[in-house]
Amino acid sequence: MRYNIFFLFCFVVQFSIAQPDSLYIQKKRIVEKPTPKWVNTNKGTLDLNEVAFVNWSSGGSNSISAIVTGKSTLEYSYEDFVWTSALNASYGINQQESEVLKKTNDLLELSSSVGYKRSETSKWYYTARLTFSTQFANGYSYPDTSNPISRFMAPGYLYFGGGMEYGKDIKKLSVYLSPLTFKSTYVLDEDLANAGSFGVNPAVYDDDGNIIKPGEKIRQELGILITNYYEVNVAKNVLLKSTTNLYTDYINSFGNIDVNWELLIDFKVNNFINASFGSLLKYDNDVKTLVVIDEDADEYGEAGAKVQWKQLLGIGFVVDF
């Protein structure tokens, strides 16, 4: 009897070991579902430059300049959907001895971009993008400070369109193509609008110089926009950023390309101090230059558009918050 019990025990043990794994109770794998994610970053910079002379035999004038820059970015991501909005503001001044205070930099810009890709592995996004830019204060052709050549919302630029955007790492490299982009140019100053500044239709005058039809304050265009953004660390603590915008209007002047290329190189000293080099090159066929016809009569004539270029170099204090 006891032999039978022993053989029965051995049979049960062998049978249980030989069973497939599917008969065992397995724990279910917990897969974390993606959740909406908000990321907010803020950065403020103050760049200073000062020159002082005391009994300097070679001559020179004391000067001081400052540029204040602020940038706030809000990013939202969920699965294959991304939304990025940014606010950029910058203002700079320069004061030289015995001269008037001059503006060296002035920008107020708001941008928002919404993108969606069909799969996780895809590098192409369906993107809609809006950008608005203007300035804070009046601009002058120094030393003349009585006749502003630009004001707040004169000009103001609004771009809105949709297209495709490619980016393996979209925060560091992206190429955006929009075959339909609306561009609005705002000149909300009456004098500048009557003069036809920044491409708006000027006022119509009679023979006595009276305004028959005031200048238009809004110019609207429909065209194609190509944008490229590239960011790379060229060396330790040296970051290069390049942004290029190319735009041409279908209706009014197709083939005349508006160019906006901004290059920025940041040299990071530590978390609070950095040096920066900036270059901004622009060409807008609607922004004409003025030439002197009769200096005594203060008479000017309109010439063709020219390449505009601005360069900045500074050392400043940085605060991230």
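**Exercise 1. The loop between β5 and β6**

Locate P143 and P155, and state which peptide bonds precede them.

Solution. Step 1: P143 lies in the loop between β5 and β6. Strands here are DSSP runs of E with at least two residues, numbered from the N terminus. Step 2: the bond joining Y142 and P143 is cis, with omega about 15°. Step 3: P155 also sits in the loop between β5 and β6. A cis peptide bond links A154 to P155, with omega about 10°.

The model is predicted: local features need pLDDT of at least 70, side-chain atom pairs count only at pLDDT 80 or more, and totals for chains, interfaces and linings use all residues. Residues are numbered from 1 along each chain as its sequence is written, and side-chain values use heavy atoms, with hydrogens and water left out.

**Exercise 2. From β5 to β10**

Trace the pairing from strand β5 through β6 and β7 to β10.

Solution. Step 1: β5 (residues 124-134) and β6 (residues 156-166) are antiparallel, with ten bridges. Two strands pair if DSSP finds at least two bridges between them. A128 has G162 in β6 as its bridge partner. Step 2: β6 and β7 are antiparallel over ten bridges. They form a hairpin with six residues in between. G156 faces Y186 of β7. Step 3: β7 (residues 173-186) and β10 (residues 218-235) share twelve bridges, again antiparallel. V175 is matched with N228 in β10.

**Exercise 3. The barrel**

Which strands form the closed barrel, and which bridges involve β16?

Solution. Step 1: twelve strands run in the order β1-β2-β3-β4-β5-β6-β7-β10-β11-β12-β13-β16, with antiparallel pairing. Neighbouring strands of this sheet are turned by 20° against each other on average, direction ignored. The angles, on a scale from 0 to 180 degrees, are between axes fitted to C-alpha atoms. Step 2: β1 (residues 37-51) joins β16 (residues 308-320) through six bridges. D47 has G316 as its bridge partner there. Step 3: β13 (residues 273-283) joins β16 through ten bridges. F277 stands opposite L313.

**Exercise 4. The core around V187**

Which residues make up the largest nonpolar core, and what does V187 touch?

Solution. Step 1: the core has eight residues: A154, Y157, V187, L192, A193, F198, V200 and V287. Such a core is a set of buried Ala, Val, Leu, Ile, Met, Phe, Trp, Tyr and Cys residues joined through side-chain atoms within 4.5 Å. Step 2: leaving out residues up to four places away in sequence, V187 touches M153, A154, L192, A193, S197, F198, V200 and K217. Contact means heavy atoms within 4.5 Å.

**Exercise 5. Positive phi**

Are E79 and N237 buried or exposed, and where do they sit?

Solution. Step 1: E79 is in the loop between β2 and β3 (81-96). Its phi is positive, about 55°, although E79 is not a glycine. Step 2: N237 is in the loop between β10 and β11. Its phi is near 65°. Step 3: E79 counts as exposed because its relative accessibility is 55%. N237 is partly exposed, at 40%. The cut-offs are under 20% relative accessible area for buried, over 50% for exposed, and partly exposed in between (1.4 Å probe, protein chains only).

**Exercise 6. S77**

What does S77 touch?

Solution. Step 1: S77 belongs to β2 (residues 63-78). Step 2: S77 touches T35, P36, K37 and V82, not counting residues up to four places away in sequence. Step 3: S77 is partly exposed because its relative accessibility is 28%.

Definitions and conventions
Helices (H or I, at least four residues) and strands (E, at least two) are DSSP runs, numbered from the N terminus.
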